[in-house]
Amino acid sequence: MSVVEKAIAWALAVANDPAHGYDQTSRWGPDYDCSSLVISAFKAAGLPLTATFTGNMKYDFLRNGFADA
């Protein structure tokens, strides 16, 4: 399973678990906001991200092998 597939599986598991919700104050678990969910999913999949919000995600993903198409 690829890193992307693992990240998607993790995010789907969080989305399907009623213990999790959307919250910008408690955004690193058990609740998440948009960027923290994506960052957390890829970290759980093994990507060594250091991003903390939308503004530094792009650079972090690019330096970890993703491309800007």
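Analyst: In this predicted model, a helix is a DSSP run of H or I with at least four residues, and helices are numbered from the N terminus. G46 sits just after the helix α2 and has a positive phi of about 110°.

User: What makes a residue of α2 count as buried, and which residues are they?

Analyst: Buried requires a relative accessible area under 20%. In α2 that description applies to S35, S36, I39, S40, A41 and F42. Their cover includes α1 and α3.

User: How many aromatic pairs are there?

Analyst: The count is four aromatic pairs. One of them joins W10 and Y32, with 5.7 Å centre to centre and 80° between the planes.

User: Why is the pair of W10 and Y32 called edge-to-face?

Analyst: Ring centres must lie within 6.5 Å to pair, and planes over 60 degrees apart count as edge-to-face. The W10 and Y32 centres are 5.7 Å apart and the planes are at 80°, so both conditions hold and the pair is edge-to-face.

User: What does the pair of W10 and Y32 tie together?

Analyst: W10 belongs to helix α1 (residues 3-15), while Y32 is in the loop between α1 and α2 (34-44), so the pair ties together parts 22 residues apart in sequence.

User: Are W10 and Y32 buried or exposed?

Analyst: Neither label covers both residues. W10 has 25% relative accessibility and counts as partly exposed, because this value falls between the limits of 20% and 50%. Y32 is at 10%, which is under 20%, so Y32 is buried.

User: What makes F61 and F66 an aromatic pair?

Analyst: Their ring centres are 5.2 Å apart, and because the limit is 6.5 Å, the two rings pair. The angle between the planes is 80°, over the 60 degrees needed, so this pair is edge-to-face. F61 and F66 also belong to one aromatic cluster with F42.

User: Why does F61 count as buried, and what does F66 count as?

Analyst: F61 is at 11% relative accessibility, under the 20% limit, so F61 is buried. F66, in the segment after α3 (54-63), is at 31%, which lies between 20% and 50% and therefore makes F66 partly exposed.

User: How do you know that F66 can take part in a nonpolar surface patch?

Analyst: A patch residue needs over 30% relative accessible area and no salt bridge. F66 has 31%, so the area condition is met. The patch measures about 320 Å² and is made by V4, I8, L12 and F66.

User: How many salt bridges are there, and what makes R27 and D33 one of them?

Analyst: The count is three salt bridges. The rule asks for a Lys or Arg side-chain nitrogen within 4 Å of an Asp or Glu carboxyl oxygen. R27 and D33 have an N to O distance of 2.8 Å, so they qualify. The side chains of these two residues are also in polar contact at 2.8 Å.

User: Are R27 and D33 buried or exposed?

Analyst: R27 is at 15% and thus buried, since the limit is 20%. D33, in the loop between α1 and α2, is at 10% and also buried. Leaving aside neighbours within four places in sequence, D33 contacts Y22, D23, Q24 and R27.

User: Why is the pair of K58 and D68 called a salt bridge?

Analyst: The closest N and O atoms of K58 and D68 are 2.8 Å apart, within the 4 Å limit, so the pair is a salt bridge. The bridge links distant parts of the chain, with K58 in helix α3 and D68 in the segment after α3, 10 residues apart. K58 and D68 are both exposed.

User: How far apart are R63 and D60 along the helix?

Analyst: R63 and D60 are three residues apart in helix α3, so about one helical turn separates them. They form a salt bridge, with the closest N and O atoms at 2.8 Å. R63, at 42%, falls between 20% and 50% and is therefore partly exposed.

User: Why does D60 count as buried, and what is in contact with D60?

Analyst: D60 has 1% relative accessibility, under 20%, so D60 counts as buried. Apart from neighbours within four places in sequence, the contacts of D60 are L49, T50 and A51. A polar atom of the D60 side chain lies 2.6 Å from the backbone nitrogen of A51.

Conventions: Residues are numbered from 1 along each chain as its sequence is written. This is a predicted model: local features need pLDDT of at least 70, side-chain atom pairs count only at pLDDT 80 or more; totals for chains, interfaces and linings use all residues. Side-chain values use heavy atoms; hydrogens and water are left out. Patches are made of residues with over 30% relative accessible area and no salt bridge: like charges are joined within 9 Å, nonpolar side chains (Val, Leu, Ile, Met, Phe, Trp, Tyr) within 5 Å. Accessible areas come from the Shrake-Rupley method with a 1.4 Å probe; for residues, only the protein chains shown count as cover. Helices (H or I, at least four residues) and strands (E, at least two) are DSSP runs, numbered from the N terminus. Buried means under 20% relative accessible area, exposed over 50%, partly exposed in between (1.4 Å probe, protein chains only). Rings of Phe, Tyr and Trp (its six-membered ring) pair if their centres lie within 6.5 Å; planes under 30 degrees apart count as stacked, over 60 as edge-to-face and the rest as tilted. A polar contact is a pair of N or O atoms within 3.5 Å; within protein, one must be able to donate a hydrogen and the other to accept it, and residues adjacent in sequence count only if both atoms are side-chain atoms. Contact means heavy atoms within 4.5 Å.
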